Amino acid sequence: MAQGITDDAEVAEVPAPREPAPNRSQPAAIEATNLRKVYKAANGQPAKEALKSLNLSIPRGSFFGLLGPNGAGKSTFINILAGLVMKTSGSATIWGFDTDVNPRQARASIGIVPQELNIDPFFTPYEAMELQAGLYGVPKSERRTMEILQAMGLDDKADAYARTLSGGMRRRLLVAKAMVHNPPILVLDEPTAGVDIELRRQLWEHIEELHARGTTVVLTTHYLEEAQALCDQIAIINHGEVVACESTPDLLARIDEKRVVIRPASPLSAVPASLSSRGALLRENGELALVYNPDVDSMSALLADITAAGIEIADLTTEEAALEDVFLQLTSGK
Ligand SMILES: Nc1ncnc2c1ncn2[C@@H]1O[C@H](COP(=O)(O)OP(=O)(O)OP(=O)(O)O)[C@@H](O)[C@H]1O
Ligand SMILES: [Mg+2]
């Protein structure tokens, strides 16, 4: 590219980039500013403020988790981005395009896999993909229908009626449809609900591959282990507000507690009273779990307390805090 090259010797020493410089100075993949949504009262149901004043910035290139309990507002947010739900106020940009000012460019920059399994039963997967490509104005010569169906493990179902597909296959067809226009952002609202373990693994393999090739991935899931393993950044939404937005390790570091798990030599019928202040819990499998904060507690003192309670230790393990602990701490009881 000749663009940017000048006669100035000092400047010319710096080679002009062949591609536009990635990331950093560019706008976020998705940015929400004071986004609010109130669903109007209808059918005897009162009005519902699903999003209060949501502020969120999802960086380009990230694998971003959007977590929150049922009804937190995750799908409302995603459906606003998809143009399926009208926001009440605030603004959203997708790949730098304001959804009000440049709705077409904004829509072309994002592929969304909705939570609802809304598949037209009268089209075959092949036809559904072609239709979707047509809607997005993808020229015939640039369509990759069979390639995408193959990647989603649906090539042998390309000509089957959609109504004969299983739930997991329908979900994979929705993922395939979201990719027809090759968008730089892929948003998946509960993509693995109802998908069996093996297919989940395959689905993630494929999505991780897309991410490795540069696609920004945004995902909601109730499988917290999945989010912990896949996402480099996580936002937790509760009651229509962002209550945390951090890198996954930072979020996990919020809980510095560990658990010490004891297998007693002889079974316990109850937690000894002397250990109740240690947050002791008797598990169904007979193990005794105690909360332990490495910064504050001394392991020797903890072990001495256990011995003093008359428990002989047959085995001992420690457990790190999991995303579930952080999630529960941030969302429960509020
Ligand atoms: N079309 C609608 N009309 C009225 N209220 C709605 C509508 N859609 C969602 N809501 C309400 O808005 C709130 C947020 O719902 P939303 O579907 O965004 O939550 P979510 O975080 O996606 O939950 P889940 O984890 O269950 O999918 C809920 O209280 C829900 O009942
Ligand atoms: Mg939802």
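1. Helix H4 has a buried side in this predicted model. Its buried residues are Pro125, Ala128, Met129, Glu130, Gln132 and Ala133. An α-helix has 3.6 residues a turn, so residues three or four places apart point the same way. The cover over the buried residues of H4 includes two other helices, H5 (145–151) and H6 (167–178). After H4 comes Gly137, with a positive phi near 65°.

2. The loop that leads into H4 takes part in a metal site. Which protein atoms are donors to the magnesium ion, ligand 2? They are OG of Ser75 and OE1 of Gln115, at 2.0 to 2.1 Å from the ion. These two residues are 40 places apart in the chain and link distant parts of it. Ser75 belongs to helix H2, while Gln115 sits in the loop between strand S6 (110–113) and helix H4 (125–135). Gln115 is partly exposed: its relative accessible area is 34%, which lies between the 20% limit for buried and the 50% limit for exposed.

3. Helix H2 also matters for reading the surroundings of ligand 1. The shell around ligand 1 holds 13 residues, and the nearest are Asn70, Gly71, Lys74, Thr76 and His222. Strand S2 (48–58) and helix H2 (74–81) each provide at least two residues of this shell. H2 gives the most, with 3 residues. Sorted by class, the shell contains 7 polar, 4 nonpolar and 2 charged residues.

4. Three polar contacts to oxygen atoms of ligand 1 can be followed along the chain from Ala72 to Lys74. For Ala72, a backbone N or O atom lies 3.1 Å from a ligand oxygen. For Gly73, a polar backbone atom is 2.9 Å from an oxygen of the ligand. For Lys74, the atom is an N or O of the side chain, and the distance is 2.7 Å. On its own, ligand 1 has 640 Å² of accessible area, of which the protein covers 63%.

5. Thr215 is worth a separate look. Its place is the loop between helix H7 (197–212) and strand S8 (216–220). Is Thr215 buried or exposed? Thr215 counts as buried because its relative accessibility is 12%, and the limit is under 20%. With neighbours within four places in sequence left aside, the residues in contact with Thr215 are Ser62, Pro183, Pro184, Ile185, Leu186 and Leu210.

Key: Residues are numbered from 1 along each chain as its sequence is written. Chains are lettered from A and ligands numbered from 1 in the order in which they are written. This is a predicted model: local features need pLDDT of at least 70, side-chain atom pairs count only at pLDDT 80 or more; totals for chains, interfaces and linings use all residues. Side-chain values use heavy atoms; hydrogens and water are left out. A residue is near a molecule or strand if one of its heavy atoms lies within 4 Å of it. A polar contact is a pair of N or O atoms within 3.5 Å; within protein, one must be able to donate a hydrogen and the other to accept it, and residues adjacent in sequence count only if both atoms are side-chain atoms. Accessible areas come from the Shrake-Rupley method with a 1.4 Å probe; for residues, only the protein chains shown count as cover. Helices (H or I, at least four residues) and strands (E, at least two) are DSSP runs, numbered from the N terminus. Ala, Val, Leu, Ile, Met, Phe, Trp, Tyr, Cys and Pro count as nonpolar, Asp, Glu, Lys and Arg as charged, and the others, Gly among them, as polar. Donors are N, O and S atoms within 2.8 Å of the metal (3.2 Å for Na, K and Ca); water is not among the atoms, so sites may look incomplete. Buried means under 20% relative accessible area, exposed over 50%, partly exposed in between (1.4 Å probe, protein chains only). Contact means heavy atoms within 4.5 Å.
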